[in-house]
Amino acid sequence: MKVHIFTYGCQMNENDTEIAKQLLLNEGFEITDSEDDADVVILNTCAVRKKSEEKVYSHIGKLKKKGKKIGIMGCVAEKEKENLFKRGVSFVLGTRALAEIPQAVQNAKNGSRHAYFDDTLSEIEYHKVETRSSKHHAWITIIYGCDRFCTYCIVPYTRSREKSRTLESVLTEVRALVDKGYKEFTFLGQNVDAYGKDLGDGTSLAKLLREASKIERIKRLWFLTSYPTDFSLEIPQAMLESEKIARSVHLPVQHGSNKILKAMNRRYTREEYIQLIQDIRKIVPDASISSDIIVGFPGETDEDFEDTVNLVKELKFERLNLAVYSPREGTVAWKYYKDNVPYKTKVRRMSYLLNLQKFINKELNEAYKDKTVEVIVEAQAKNGLFYGRDIRNKIISFEGSNELIGKSVLVKVNKITAGPLYGTIEKVLDF
């Protein structure tokens, strides 16, 4: 029986898809890259934004016309549960019921409908997952769920409370992948800085980074996504101790106004966030800091927006992900806050921040001109050039070849833009 999985959303969904494919292969199912060839099509879904959810419903409609049996996993499955059966799907798989996917597909084959929401994550042998999307880089989810309950966010309701994997489980997975030739790893969590706090045994993200960096043949370690009040300064201290840990921290601020931060239930002030960034940069002066900002949250005035603009100007993020606020059904903001910022105002404010960030990017990128940096080659872009990232998560493009993918190269940067940098390979490194 042939199964196709289409993935929406974040890197954690990508990792869940990799695990799901392995579990299905273990039970004799065939994985196909084409949904037209598949008997069952599984949509691994995202519900962070309404548009993401609408894409899923549109996809379901197209699959029904093709006569496919349909399974829904991921955040939309957890949010809508059995209501999805009204749309003609065969099974619904909750975000923590991943180990049930072979049984779900088998039941779909037999024509029955089921919903699965039991927590089966502990039953998964993560170190035996070989169906990775890359041959040199691996996503590894180390903590599931989120306990922060920001008022705009649906994730705590779709991913449940925080649950960490044990340190040894993660390290066993890393070692198994290193034995297969993997040398680059990204540790994932909705709130990756909370890793280990629920275990009560001293496990932490900093400890994991230190232990993983001791493993030979690892080239680089990353982590996503951080939360300001959970971020420990032990992490930049660990960066100083090992050249394997990337000098890159993605630390979403979401807004520059204390009034809006409080309404968002972000649990820190503007001043506390600024101090945290200053502390990180004091420990690791060349640390690359990126962030997320939501524009047009309910009640956002011109003065509130100006606070955000001034924050961006002061902290000069290496990268900034921007989103226009839209209410998500089921969240506190959707229930209690009126979406009272006009859409045109939201778009205007976001455009202003986009242009400001482009200016900052160009300014920061100038430091790379004529500099030679070590890059791990990732893939070939649509323009024919290859690209990779340095230890600060800076994307650099260059002429290359497929056999370089996964290898480390020294690249001399000779062209600066507000986005990627461009350079020439000077040397291919042995490791």
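Angles under 35 degrees count as roughly parallel, over 145 as roughly antiparallel, 65 to 115 as roughly perpendicular and the rest as oblique. Keep that in mind for the helix stops on this tour.

What you have open is a predicted model, where local features need pLDDT of at least 70, side-chain atom pairs count only at pLDDT 80 or more, and totals for chains, interfaces and linings use all residues. Residues are numbered from 1 along each chain as its sequence is written, and side-chain values use heavy atoms, with hydrogens and water left out.

**Stop 1: the domains**

Colour the chain by domain to begin. The domain assignment gives domain 1 (2–116), domain 2 (126–366) and domain 3 (369–428); such bounds come from an automatic or database domain assignment. Between the C-alpha centres of domain 1 and domain 3 you should find 36 Å.

Now select residues 1–110, which an unreviewed UniProt entry annotates as "domain: MTTase N-terminal". UniProt positions are given in the numbering used here, feature names are shortened, and annotations may be inferred rather than shown by experiment. This span is 43% helix and 21% strand, and its end C-alpha atoms lie 12 Å apart. Helices (H or I, at least four residues) and strands (E, at least two) are DSSP runs, numbered from the N terminus.

Jump to residues 366–427, where the unreviewed UniProt entry places "domain: TRAM". Here the chain is 0% helix and 52% strand, with 22 Å between the end C-alpha atoms.

**Stop 2: Val 105 and Glu 18**

Go back to the start of the chain and pick Val 105, in helix 4 (residues 101–109). Is Val 105 buried or exposed? At 0% relative accessibility, Val 105 counts as buried; buried means under 20% relative accessible area, exposed over 50%, partly exposed in between (1.4 Å probe, protein chains only). Show what surrounds Val 105: leaving out residues up to four places away in sequence, it touches Met 1, Val 3, Leu 24, Phe 29, Val 40, Ile 42 and Phe 91. Contact here means heavy atoms within 4.5 Å. Draw a distance from Val 105 to Phe 91 and the C-alpha atoms come out 7.8 Å apart, with these positions 14 residues apart along the chain.

Next, find Glu 18 in helix 1 (residues 11–26). Glu 18 is also buried because its relative accessibility is 4%. Its contacts, setting aside neighbours within four places in sequence, are Val 129, Thr 131, Arg 132, Ser 133 and Trp 139.

**Stop 3: the annotated cysteines**

Select Cys 146, Cys 150 and Cys 153, covered by the annotation "binding site" in the unreviewed UniProt entry. Zoom in on Cys 150, in the loop between strand 7 (137–144) and helix 5 (155–159). Cys 150 is buried, with a relative accessible area of 8%. Which residues does Cys 150 touch, not counting those up to four places away in sequence? Look for Tyr 227, Met 264, Asn 265 and Arg 266. Cys 153 sits in the loop between strand 7 and helix 5, and is buried at 18% relative accessible area.

**Stop 4: helices 6, 7 and 8**

Show helix 7 (residues 205–213) with helix 8 (residues 234–241): they pack at an angle of about 15°, their axes 8 Å apart. Axes are lines fitted to C-alpha atoms, for helices over the stretch in contact, and angles run from 0 to 180 degrees between N-to-C directions. Helix 7 and helix 8 are therefore roughly parallel to each other. At the interface, Leu 205, Ala 206, Leu 209 and Arg 210 of helix 7 meet residues of helix 8 including Ile 235 and Ala 238.

Add helix 6 (residues 167–179), whose axis comes within 11 Å of that of helix 7, crossing at roughly 35°. Leu 167, Val 170 and Leu 171 in helix 6 meet Lys 207, Leu 208, Glu 211 and Ala 212 in helix 7.

**Stop 5: backbone oddities**

Most residues other than glycine have a negative phi, and most peptide bonds are trans. Select Leu 224 and Thr 225, though, and you'll see a cis peptide bond with omega about -10°. Then try Ser 160, not a glycine, yet with a positive phi of about 70°. Ser 160 is partly exposed, at 35% relative accessible area.
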